[in-house]
Amino acid sequence: MYRTHTCGDLNKEHVGQEVTLAGWVQSRRDHGGLIFIDLRDRYGVTQVTFDPAHNEQAWKIAEELRSEFVIQIRGKVIARPEGMINARMATGAVELVGTELVILSRAKTPPFEIESDQEAPREINEERRFTYRYIDFRRPSKKKNLIVRHEAIHFIRNFLSDEGFLEVETPILTKSSPEGARDYLVPSRTEKGMFYALPQSPQQYKQLLMVGGIDKYFQVARCLRDEDARGDRQAEFTQLDMEMSFIEPDDILGLVERLFTSLVNSLNERGLITKKIMQSPWPRLSFADVMLKYGIDKPDLRFGCEIQEVNDMVRGCGFGVFTSAIDSGGVVRAIVAPGASETFSRSVIDELTEYVKKYGAKGLAYIKVIGKEGDVYALESPINKFLGEDVAQRIAQQMNAKAGDIIFFGADKQQIVEEALGMLRGELGKRLGLIDTTVLGFAFVKDFPLFEPYNEKGMYAPMHHMFTMPKPEDIPLLDSDPLKALSWQYDFICNGYEVGGGSVRIHDAALQAKIFDLIGFDDVQKQEFAHMLTAFEYGVPPHGGMAPGLDRILMLLLDEPNIREVIPFPKTGEGRDLLVGAPSAVDAKQLKELGIIVQRPTA
């Protein structure tokens, strides 16, 4: 046997026993002729002592040991003296006196240092870590991420199974379709010139499962989208895919809330995370409200600073920026930065002005609240002379501003103001320390428009996807004013991220065909979905589902700065796998067999 126990097992109950351990040398120390080894495996660390008086041969072998050698040790468990117990180690009350030692594998000096469980995670170059990801896994923080990932998925599988769901695997090699992001294509060897696509999601297959009478489906699904990576997005990712029949939106949202509330509570109870849910039941917010109050459809609810519209107060005032925005159909909105006038210098305000310009804003007007006596504010601003004192006072009153605050304004087309002030709100939350980082602000956003104004063909563009059910009362609007129709779409949000999305789906073939017409599908494009329309001719139950992104949720649960830290083998921002060197060129013989001619880019 390579081992009788793991390096996290031993305690005072094992004192006097002969045991065998195997693992990696975390460190070696020489003290007065004794050699001390910290032996590490996935489960923990055990201190081992080699004394030449007990076994000189084992002691001599121990002299050869270096960090990350893989070894096997046999020895006797003894209790540590009272003053030498290490309370920070699970095995800190005992140590192993080594009597036999075998070097199973020698190791080069690692490309970076591996901290112990007692040390804070070190900052190590990301590219180096991803190139040597197998070394990175030996670090406690990254090992913990894998453990929590496993425990979360295990919990989810058990929860949904107990709810009557069936786990069904859908194909990885599927068909490219004109929707969503770019597909990853796979050439067919047997039908040259034809291609499979790797799945962006199992959307069509799970709907067909509902047609087949599998009324509760889930899958821990691997999905791929050929799009640029970001801190919260990878081209290859894992989502929890779910679909149910004979349901309405509240049934789906209720299930998701129960599932993730139970998951967070379970992980907290086992000491795997330290995040609490901010409020229960979770808020269910309308799209129109969140766009007004927060500027974005995935707001961070862990702090206030809600945006307010001030059109009525500034209409006809002497400040041309505001009046021209309103006269051209735009909006003027404001947000309060609490306490900012005491901490934000002019240079910081200039930084924030440049920040909002990245989102289309032309500038950032502001009023500083210097003081307040009764209902009268002492205000200071470059725009006060244009606004007039009465208007400035009314704005400060409506915004419920306090002494020391700054009121920032956005004035432009509605979409520009929403995005600019929405992003500014997030930046204010970080800079002013308003965000409670110990909580999870779960919520649902619903009542999305069915369509965005227009796609590249001048037709309507689905806000979510083309299978989303309009709200039943809004179906008549498809013939008269489609842009006013709302949908049974909903997003699952947390701490400023969209962590899942879903909808009730269309289950009527005629309604699905109407949606195809409104988004401008021609006959060729409709033919791409012939299998769906054919299936709908054989009896379709009302159905819907959701697909929470497990990587993004784990990033938030573990308080990691980006999604790459919770994915076992992530890609870089450029889409490269540094560990194996992908993507890479392939042999000319393979290309010929597939009927592919590669065109190299010209300089």
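This text leads through a predicted model of a single chain, from its overall build to a barrel, a buried strand and a pair of packed helices.

Taken as a whole, the chain contains 19 helices and 24 strands, and its C-alpha trace spans about 95 × 75 × 60 Å along the principal axes. Of the 603 residues in the chain, 49% are buried. When contacts between residues at least 6 apart in sequence are considered, 68% of them join residues that are at least 24 apart.

A good place to begin is the barrel. Five strands close into it, in the order β1-β2-β3-β5-β4, and the pairing among them is mixed. From one strand to the next, the twist averages 55°. Within this barrel, strand β1, which covers residues 18–31, pairs with strand β2, which covers residues 34–41, in the antiparallel sense and over seven bridges. To find this pairing in the model, the reader can look for D30, which stands opposite I35 in β2. As a general point for looking at such strands, the side chains of a regular strand alternate between the two faces of the sheet.

Further along the chain lies strand β19, made up of residues 442–446. Four of its five residues are buried, and β19 is therefore largely enclosed by the rest of the structure. Two pairings of this strand can be followed. With strand β12, residues 284–286, β19 pairs in the parallel sense over three bridges, and here S286 has K446 of β19 as its bridge partner. With strand β22, residues 489–494, β19 pairs in the antiparallel sense over five bridges, and in this pairing V445 stands opposite D491 in β22.

The last stop is a pair of helices. Two packed helices are described by the angle between their axes and by the distance between those axes. Helix α4, residues 140–162, and helix α18, residues 550–557, pack at an angle of about 120°, with their axes 11 Å apart. Because of that angle, α4 counts as oblique to α18, and the crossing of the two helices is right-handed. On the side of α4, the contact is made by V148, R149, A152, I153 and I156, while α18 contributes L550, D551 and L554. Sorted by character, the residues of this contact between α4 and α18 comprise six nonpolar, no polar and two charged ones.

Terms used: Residues numbered from 1 in each chain as written. Predicted model: local features only at pLDDT ≥ 70, side-chain atom pairs only at ≥ 80, totals over all residues. Heavy atoms only, no water. Pairing = 2+ DSSP bridges. Axes fitted to C-alpha atoms, helices over the stretch in contact; angles between N-to-C directions. Buried < 20%, exposed > 50% of the residue type's maximum accessible area, 1.4 Å probe, protein only. Parallel < 35°, antiparallel > 145°, perpendicular 65-115°, else oblique. Left-handed = near helix turned anticlockwise from the far one by under 90°. Contact = heavy atoms within 4.5 Å. Nonpolar A, V, L, I, M, F, W, Y, C, P; charged D, E, K, R; others polar.
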